Structure formats: C-alpha cells, structure tokens
Amino acid sequence: MLEAIRQKKENLFYSIVLIAIIFVMIFVYGAGKSSSKSGEGAVVAWVNGESISQREFQQILQYRLMQYQQMLGAQYDEKLISAFRIPESTLEELIKYKLLAQQANNRGFVVSDGELADKIRTLPYFQKDGKFDAEQYLKLPNRGLEEGRMRREMETNRWQTYLLDRVRLTPEQARKNHETSQAKMELAYAKIDFNTLAPAFTLEPKEMEEFKKNSAGEIRSYYDSHMKEFTDPAAVEIRKIRVGIPFQASDAVKGSARTKAQEIQKELTAANFEALAKSKSDDEYAKKGGYAGWVNRGTLEKPLEDAIDKMKQGEISPLIETNFGYFFIKLENSRASKVIPMAEKLDSIAQKLLKDKKKLEWTNQERKKIETSLSEGKSIESQLKSWKVEIKKTGTFNFGEGNIPSIGPVDSILDGVAELSKSQPIAKKLFYSQENYYYIKLLSFDLPKSAEADKARDGEEKKLLASLQRSLMESWQDNLKKKAKIDNELISKKQTELTPETAEN
C-alpha cells in the first residue's frame, strides 16, 4: 500500500491534477468559508509577491489527507502525516502550481468569458435534469472570486498542456528504449563493502595525543551527540514471583491463576519472598529465589514499571496484573542514571574517531583506484579476488521489469546497466546503494524476435514519453523555483497535525 502511495507521488500529473480537482470542489462547496482559527487573510507563503492563503492551504491539505485515509483504510495512521511530510509536500505543490499559473499569465495564455462559461455549465454540481441550473449557480457565494480562481486554473492547465505537447521522442531514443525494455540479460556483479575490507589500524601513542590536541571540538561534538552511549541508565535490583497465564487462556484458567496469586499474597512477606518464589513462581528466575538481578528502567512491562515507581527499597508490591500473568515484585536496590564524564571516555572517543578517519581515507583511496581502473577499461576482478569479494551472477531477467535480481530496483544501477553493450560490457564506475558499492558487468544480452517485440512498442514509447515529459517538467519547475522569490511562512504545529477529522475549511 505504501509503495502505491510513493508511485502516485512520483507521477507528474498526479499532484497538479489533484490540486485542480480540489480547487473545483472548493469552487462549489468551499466558497465564502474561512478558517475560524486562523482567519481568511492569513498567508502560508509568498511566491513572487503573490500569496498562498492559509485557507487555501488547509482546504487542499484536508482533501489530501482524506485521500490518504481512503487509500489506506484500516491501515491509516496519523504518523504517516509526518512520515510522508504531507503538509510540507502540499505546500510545495501549491508553490509549484502558483509558479505555473504565473508563467501562464506571463505567456499570455488567456481563457475567454465564453470558455469559462462553457466550463461552468459542464460542472455536474449545477446540473438539473441534464441541464445547467442557472438559478442554483447564482446562489453561489463570492461567485466573482471563485470564477477568477477557475479561470486561472484553466489558463494554467492550458499552459502545461502546451509545454508537454512539445516534448517529442527521437527515433533513436525510441529504438534504444525499446531494445532495453524488451531485452533479456544476465549480469555479473560484486557487492563491495569497503568498511569491512578496511584493515585494522594500529594507533601510535604520539598520534593519539596529537589527534586529541587538534580535534578537541570534534571529540566534544561526538560526546554531546552520543550522550545516551555515555549514560549508565537508571536500574533496579529486583526479585519476582509470577503466576503465569497461557496465551489465549479461557476466563476459567485466568480466574484460577488469579486465585493462586491471591493465595500467595496472603502469606507473602519480605522474609519469605525468596522461599515462596522457589516453590510457587512460574518465572524463569524461580530457582534463584526470584532474583532477576539489575534491570534497566523502562525495559519491563508498564504495569511493573508503574508499581516500581511507587516502591521503596525492601518493599513488596501489591498484586500486579500483566499480559504475561500476575506478579509480585520485591525491590532490593535501585540506582539513578549517571552520565559518565567526557574525561573518562576521552581516549576511547579519540581512538574511535581517529580509526574512523583512517578507514574513510583508505576507503576513498581504494574506491578511487577502482573507479580509475574502470574508467580506463581495465579489469578489477583480480583486485576483488584478493579482497575475497565474490563475483555473483543475477541469472537471466527482463530488464524492462525494472528490478535486478539480488540487487533490486535501484535506479542508478538500472541507468548504468542501460548504457552497457556487448562492445562495452563493464560499467565504467561503481554504483552506491544501501552502504555498499556495486561492480556491474554485462554477461548476456538477447532481444526477442521482432514480431513479438513490435507488439509492445507503442506502449513502451508512451511510457518513455511520459517519463521524459515528467523529467523535463520537474527540471523546468525546479529552475523556476530557484529564480523565484519565495517566502515560506512557518507551518504551525497545529497545521502539521491536521487530520481529516480535525482540519477545517
């Protein structure tokens, strides 16, 4: 489901069309309404001196969140709002759309009154018995304002269509894409993890002292950003007695377990806790008299943690019910969290940072050697063999599916493979993916018979054209954005936490 969302987010037309649809819905349903919380005049961004209102932003954000909720159904989680940066991406799309609208205006793309009227007459919201209901339309509040918005929508869409219609494929592009997408191929590849290949570095005392002297700021920064690593957590020393409850136990079994726990409670004291734990506890620590040792705070079930919060040293808890049974806890000892001073960890931090620095230098040096050899057409397989890096085979696969066996759908590698040929079978660089570098070599490349290949040609060319249009449009929009004067107002925490239930028009 999440992959489907990502694919839709990558579609050039998806966001633009979505915004256009939403504006039409606002035109019909949202006219005259404003946010009672933020005010109709509030602004979330300025684009070349033109504003994007908070009202506009909230309305579109609301529809987008509703769409996510409909797509995900029961899997919808409000955490997705932040995970997919939905408010931020919504504002970004509004900014891009504003830039398109400004360009349409600058280029003289005009929608006449007649064209606007024709468009309004086709809207299903103003139809009655198959005809346009002028009386219903005249009841629309702020009609002039909304007509202006729709006119800009039509002009913007016309400008976008004009641009996209002028993107064409060359015969060479179409041929090459067709061959690549239909090809059956096999690759040899090697996954190179320079981090594990790097040698173990021995540090001289003088070298260490010099590094500590010259890198005090770096050491301090590491210490401050890894404070958890240098903190001994709060912990408790405890004994436990547990009366277990089997998974999916019946009410009768649960009742029997509770009765047993209550019987233990009647005779339990601090003095006989250890003896009763040995004879009556179902816990794995029963043989040790229930002794669980030192346990870091926050690692136990919440009911146990809550009970310990209220206990003093030597005390026994009341009966505690959890998903794993009924418990009694005896608090033997406790200690607060303690931050280890940097002075005590200075040497270990310096040693780690210096070794990491040497490892990075080695990695960069060796990687550059490898890539130089590849760029010059030299084989690196002897070097890989000396490192004991295995060269594997993918097996035959269809390149057009966009997935390389054992490697995955890595765009950079797919692009690199598309450049390989029988005359140039080895990629002239390494490809980085998920903390590893990949060496790629073409082993075989076979095209299907022409009759079979021609069947898929039209569909492939349409896909390639759409991809090219998307790429060029995104590049053009990025350039527009770089040249534009854009002032993004801060999106408040309240806005970023909007849900379909809480967002207001």
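**Exercise 1. The sheet that contains strand 1**

Task: In this predicted model, work out which strands form the open sheet of 3 strands, and in what order they stand.

Solution. Begin with the order, which is 2-1-16, with antiparallel pairing throughout this open sheet. Next, find the edges: strand 2 and strand 16 each pair on one side only, and they are the edge strands. From one strand to the next, the twist averages 20°.

Now take the two pairings in turn. Strand 1, residues 43-47, runs antiparallel to strand 2, residues 50-53, and 4 bridges join them; within this pairing, V43 has S53 of strand 2 as its bridge partner. These two strands form a hairpin with 2 residues between them, and in the turn N48 has a positive phi of about 50°. The second pairing joins strand 1 to strand 16, residues 486-488, in the antiparallel sense over 3 bridges, and here W46 stands opposite D487. As background, strands of a sheet pair through backbone hydrogen bonds, either parallel or antiparallel.

**Exercise 2. Helices on this sheet**

Task: Determine which strands helix 3 lies across and which strands helix 5 touches.

Solution. Helix 3, which spans residues 54-72, lies across strand 1 and strand 2, and its direction runs at about 45° to strand 2. Helix 5, which spans residues 86-106, also packs on the sheet, where it touches strand 1, strand 2 and strand 16, and its direction makes about 40° with that of strand 1.

**Exercise 3. The sheet of 4 strands**

Task: Establish the strand order of the open sheet of 4 strands, and then identify the helices that lie across strand 7 and strand 10.

Solution. The order of this open sheet is 8-7-10-9, and its pairing is antiparallel. Strand 8 (291-296) and strand 9 (320-322) are its edge strands, since each pairs on one side only. The twist averages 45° from one strand to the next.

One pairing can be followed down to its residues: strand 9 pairs with strand 10, residues 325-335, in the antiparallel sense over 3 bridges, and T322 has G325 of strand 10 as its bridge partner.

For the helices, helix 13 (residues 251-267) lies across strand 7 (235-244), strand 9 and strand 10, and runs at about 45° to strand 10. Helix 14 (residues 273-280) lies across strand 7 and strand 10, and runs at about 40° to strand 7.

**Exercise 4. One residue of helix 13**

Task: Decide whether I264 is buried or exposed, and list its contacts beyond its neighbours within four places in sequence.

Solution. First, place the residue: I264 lies in helix 13. Second, apply the cut-off, which is under 20% relative accessible area for a buried residue; I264 has 1% relative accessibility and therefore counts as buried. Third, list its partners: leaving aside the neighbours within four places in sequence, I264 is in contact with I241, V243, L276, K280 and F328. For one of these, V243, the separation can be stated as well, for the C-alpha atoms of I264 and V243 are 9.4 Å apart, while the two residues are 21 residues apart along the chain.

**Exercise 5. The two sides of helix 15**

Task: Explain why the buried residues of helix 15 can be assigned to the same side of the helix.

Solution. The buried residues in helix 15, residues 302-309, are L304, E305, A307 and I308. Because they cover an arc of only 160° around the axis, they are on the same side of helix 15. On the other side, K302 and D309 are exposed. The final step is to see what the buried residues face: they pack against strand 7, strand 8, strand 9 and strand 10.

**Exercise 6. A pair of helices**

Task: Classify the crossing of helix 11 and helix 12 from the angle between their axes.

Solution. The axes of helix 11 (residues 205-214) and helix 12 (residues 216-225) cross at roughly 80° and come within 5 Å. Angles of 65 to 115 degrees count as roughly perpendicular, and helix 11 and helix 12 are therefore roughly perpendicular to each other. The contact is made by F211, K212, K213 and N214 of helix 11, together with A216, E218 and I219 of helix 12.

**Exercise 7. The chain as a whole**

Task: Describe the protein chain through its helices and strands, its buried residues and its contacts.

Solution. The protein chain has 20 helices and 16 strands, and buried residues make up 39% of its 505 residues. Of the contacts with a separation of 6 or more, 75% are between residues 24 or more positions apart. The chain exposes about 29,600 Å², of which carbon and sulfur atoms supply 49%.

Key:
Residues numbered from 1 in each chain as written. Predicted model: local features only at pLDDT ≥ 70, side-chain atom pairs only at ≥ 80, totals over all residues. Heavy atoms only, no water. Pairing = 2+ DSSP bridges. Axes fitted to C-alpha atoms, helices over the stretch in contact; angles between N-to-C directions. Contact = heavy atoms within 4.5 Å. Buried < 20%, exposed > 50% of the residue type's maximum accessible area, 1.4 Å probe, protein only. Arc of directions from axis to C-beta. Areas by Shrake-Rupley, 256 points an atom, 1.4 Å probe, with all protein chains shown as cover. Parallel < 35°, antiparallel > 145°, perpendicular 65-115°, else oblique.
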